[in-house]
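Thanks for making the time this morning. I would like to walk through one model with you, going from a few surface features to the overall fold, so please have the sequence and the structure open as I speak.

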Amino acid sequence: MKRHHAERNLLLRNIFEQVKEQVTARQVGEYLGIHIFHNGMCCCPFHSDKHPSMKIEKTYHCFGCGVGGDAIDLAARLQGISQYEAAKKIIADFHLPIELPHKKKQQRVQKKPKETEQQRVLKIRKKVDQWITHAIDVLIHYLKWIEFWKECYRPEPEDEDWHDLFVEALNNERKINDYLDILMFGTGEEMIEFFRERRDEVNRIEKRINEYERRVYEELRGISADGAADGGRYPGAAG
């Protein structure tokens, strides 16, 4: 199972890295209709921006609202889709020679349902598929934070007390990898069972990420405001 996790994570990272190596945030922005000046500046599409405050080349960053990221993140934000779906769309839009993983198809043998029953099943299936796509994005996002916390808050050998975020990362990394294996490579029955039994847990994870990122953003905004008065500070500086 550990080997399967490593293979799946490597495959996912390879897809994202291949996309980012072949397509820049600027190319994505121009493809999706952002007017970018020769110096790489443009008006930020994520807030009311009358004067160009976003720099966009290989990656992008808005000096006004602080949003930023890579080509995949930009495509996801502009189109309101998950990063995984954004990567797939970039591959299709730019005709990139990147192979995507295929889910196992569940083999079912049943009589042709009545029209009303068929509509009901299709409606349920569509709802499950939409939720699975969203759940994959939430768990990938959480896994990125887990990897960051493990690296950022890794204790020194002499440390007796471990940071809460480091402990959270250790406690959840294996579980999140297991969940992603089911959602990305599981059978139809496995994914439906996950939908029934793990919806609330995924919702809690999403809420936890949103609360954490909101707190980080508020802290950074406070540091930025203080920095304007005392000559500038960087996140995490004492003061």
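Let me begin at the surface, and with charge: E156, E158, D159, E160 and D161 together form a negative surface patch. I should say at once that this is a predicted model, and that what I describe is computed from it. Taking one member of that patch, E156 sits in the loop between α5, which covers residues 115-152, and α6, which covers residues 164-185. Is E156 buried or exposed? The answer falls in between, because its relative accessible area is 45%, and partly exposed is the term for anything between the 20% limit for buried and the 50% limit for exposed.

There is also a nonpolar patch on the surface, and this one is formed by W162, V167 and L170, which together have about 260 Å² of accessible area. Of these residues, V167 is found in helix α6, and with a relative accessibility of 30% V167 counts as partly exposed.

Now to the backbone, where H95 deserves a look. In general, most residues other than glycine have a negative phi. H95, although it is not a glycine, has a positive phi of about 55 degrees. Its place is in the loop between α4, residues 83-93, and α5, and H95 is exposed, since its relative accessible area is 69%.

The next point concerns a pair of residues. How far apart in space are R221 and G66? Their C-alpha atoms are 9.2 Å apart, while in sequence the two residues are separated by 155 residues. R221 lies in helix α7, which spans residues 188-230, and R221 counts as exposed because its relative accessible area is 51%, against a cut-off of over 50%.

That brings me to the chain as a whole. It contains seven helices and four strands, and read from the N terminus the order of elements is α-α-β-β-β-β-α-α-α-α-α. Among contacts with a separation of 6 or more, 56% are between residues 24 or more positions apart. Of the 239 residues in the chain, 34% are buried. The accessible surface of the chain comes to about 15,800 Å², and carbon and sulfur atoms account for 51% of that area.

To close, I would come back to the two patches: the negative one includes E156, and the nonpolar one includes V167.

Methods
Residues are numbered from 1 along each chain as its sequence is written. This is a predicted model: local features need pLDDT of at least 70, side-chain atom pairs count only at pLDDT 80 or more; totals for chains, interfaces and linings use all residues. Side-chain values use heavy atoms; hydrogens and water are left out. Patches are made of residues with over 30% relative accessible area and no salt bridge: like charges are joined within 9 Å, nonpolar side chains (Val, Leu, Ile, Met, Phe, Trp, Tyr) within 5 Å. Accessible areas come from the Shrake-Rupley method with a 1.4 Å probe; for residues, only the protein chains shown count as cover. A salt bridge is a side-chain nitrogen of Lys or Arg within 4 Å of a carboxyl oxygen of Asp or Glu. Lys and Arg count as positive and Asp and Glu as negative; His and the chain ends are not counted. The place of a charge is taken as NZ of Lys, CZ of Arg, CG of Asp or CD of Glu. Helices (H or I, at least four residues) and strands (E, at least two) are DSSP runs, numbered from the N terminus. Buried means under 20% relative accessible area, exposed over 50%, partly exposed in between (1.4 Å probe, protein chains only). Contact means heavy atoms within 4.5 Å.
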